[in-house]
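Reader: Before we discuss the terms used for this model, please show it to me, and then set each term against the values that justify it.

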Amino acid sequence: MGDLLKVAFATITQASGSAAGEDQVLVSASVGCTVLSISLCNTHASNDETFSVSVKDGNTTEYFLYHTQSLPALSTFIHSDKIALLPTDTLNVVSPSGSADIDVIVTYLEQT
């Protein structure tokens, strides 16, 4: 079989995910995948935000791609380098500022 192009969506808010506002944006599940891009958009009109993006190996050890990265009001941040995720890895986004309203779009290839 070939690769399958997919898209994952999430909105990071103070109330979503864990108490820290963490969301598992992408769970690799039983097959590996290659993340092609991550787009983060601060939809709040006046509040600057921060975000962190990490990969968790089997949902235990956390490896940061970005840690407390600034995201000004009404701006977009795009990560366009490839990231390989093995089965059971997760891609996580956290907003340490706590009052975030960040939309996340991840494009990836599911590799079978």
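Author: Let us begin with one pair of residues: V55 stands opposite Y63, a residue of β5. Please keep in mind throughout that this is a predicted model.

Reader: What makes β4 and strand β5 a pair, and in which sense do they run?

Author: Two strands count as paired if there are at least two bridges between them. Strand β4 (residues 49–57) and strand β5 (residues 61–71) are joined over 8 bridges, so the criterion is met, and the sense of the pairing is antiparallel. β4 also pairs with β8, again in the antiparallel sense, over 5 bridges, and K56 has T90 of β8 as its bridge partner.

Reader: Why are β2 and β5 called edge strands?

Author: The sheet in question is open and consists of 4 strands in the order β2-β8-β4-β5, with antiparallel pairing. The strands β2 and β5 each pair on one side only, and that is what the word edge refers to here. Direction ignored, neighbouring strands of this sheet are turned by 20° against each other on average. As for what holds such an arrangement together, strands of a sheet pair through backbone hydrogen bonds, either parallel or antiparallel.

Reader: What makes β4 a mostly covered strand?

Author: The judgement rests on a count, since 8 of the 9 residues in β4 are buried. Across the chain, buried residues make up 40% of the 112 residues.

Reader: Why is N92 called buried?

Author: The limit for that word is a relative accessible area under 20%, and N92 has 0%, so it is buried by this criterion. N92 is placed in strand β8, residues 90–94.

Reader: What makes the approach of N92 to T90 a polar contact?

Author: The distance cut-off for a pair of N or O atoms is 3.5 Å, and the side chains of N92 and T90 make their contact at 3.0 Å, so the distance lies within the cut-off.

Reader: Which residues have the most contacts inside the largest nonpolar core, and which elements supply that core?

Author: The core has 23 residues, and those with the most contacts inside it are L26, V35, I38, L40, L91, V104 and V106. Two or more residues each come from β1 (4–13), β2 (23–27), β3 (32–42), β4, β5, β7 (83–85), β8 and β9 (101–111). With residues up to four places away in sequence left out, V35 touches L26, D81, K82, I83, L85, L91, V106, T107 and Y108. In soluble globular proteins, nonpolar side chains tend to be buried together.

Reader: Why is L74 called exposed, and why is T88 called partly exposed?

Author: Exposed requires a relative accessible area over 50%, and L74 has 57%, so the word applies. T88 has 49%, which lies between the limits of 20% and 50%, and therefore T88 is partly exposed. L74 is in the loop between β5 and β6 (76–79), whereas T88 lies in the loop between β7 and β8. Both carry a positive phi without being glycine: that of L74 is about 55°, and that of T88 is near 80°.

Reader: Where is H44 found, and what does H44 touch?

Author: H44 is found in the loop between β3 and β4. H44 has a relative accessible area of 25%, above the 20% limit for buried residues and below 50%, so H44 is partly exposed. Not counting residues up to four places away in sequence, H44 touches A73, L74 and D101. The C-alpha atoms of H44 and A73 are separated by 5.7 Å, although the two residues are 29 residues apart along the chain. The side chain of H44 also reaches the backbone nitrogen of S46, at 3.2 Å.

Reader: How many helices and strands does the chain have, and what share of its contacts joins residues at least 24 apart?

Author: The chain has 0 helices and 9 strands. Among contacts between residues at least 6 apart in sequence, 79% join residues at least 24 apart. The chain exposes about 5800 Å², of which carbon and sulfur atoms supply 56%.

How values were computed. Residues are numbered from 1 along each chain as its sequence is written. This is a predicted model: local features need pLDDT of at least 70, side-chain atom pairs count only at pLDDT 80 or more; totals for chains, interfaces and linings use all residues. Side-chain values use heavy atoms; hydrogens and water are left out. Buried means under 20% relative accessible area, exposed over 50%, partly exposed in between (1.4 Å probe, protein chains only). A polar contact is a pair of N or O atoms within 3.5 Å; within protein, one must be able to donate a hydrogen and the other to accept it, and residues adjacent in sequence count only if both atoms are side-chain atoms. A nonpolar core is a set of buried Ala, Val, Leu, Ile, Met, Phe, Trp, Tyr and Cys residues joined through side-chain atoms within 4.5 Å. Contact means heavy atoms within 4.5 Å. Accessible areas come from the Shrake-Rupley method with a 1.4 Å probe; for residues, only the protein chains shown count as cover. Axes are lines fitted to C-alpha atoms, for helices over the stretch in contact, and angles run from 0 to 180 degrees between N-to-C directions.
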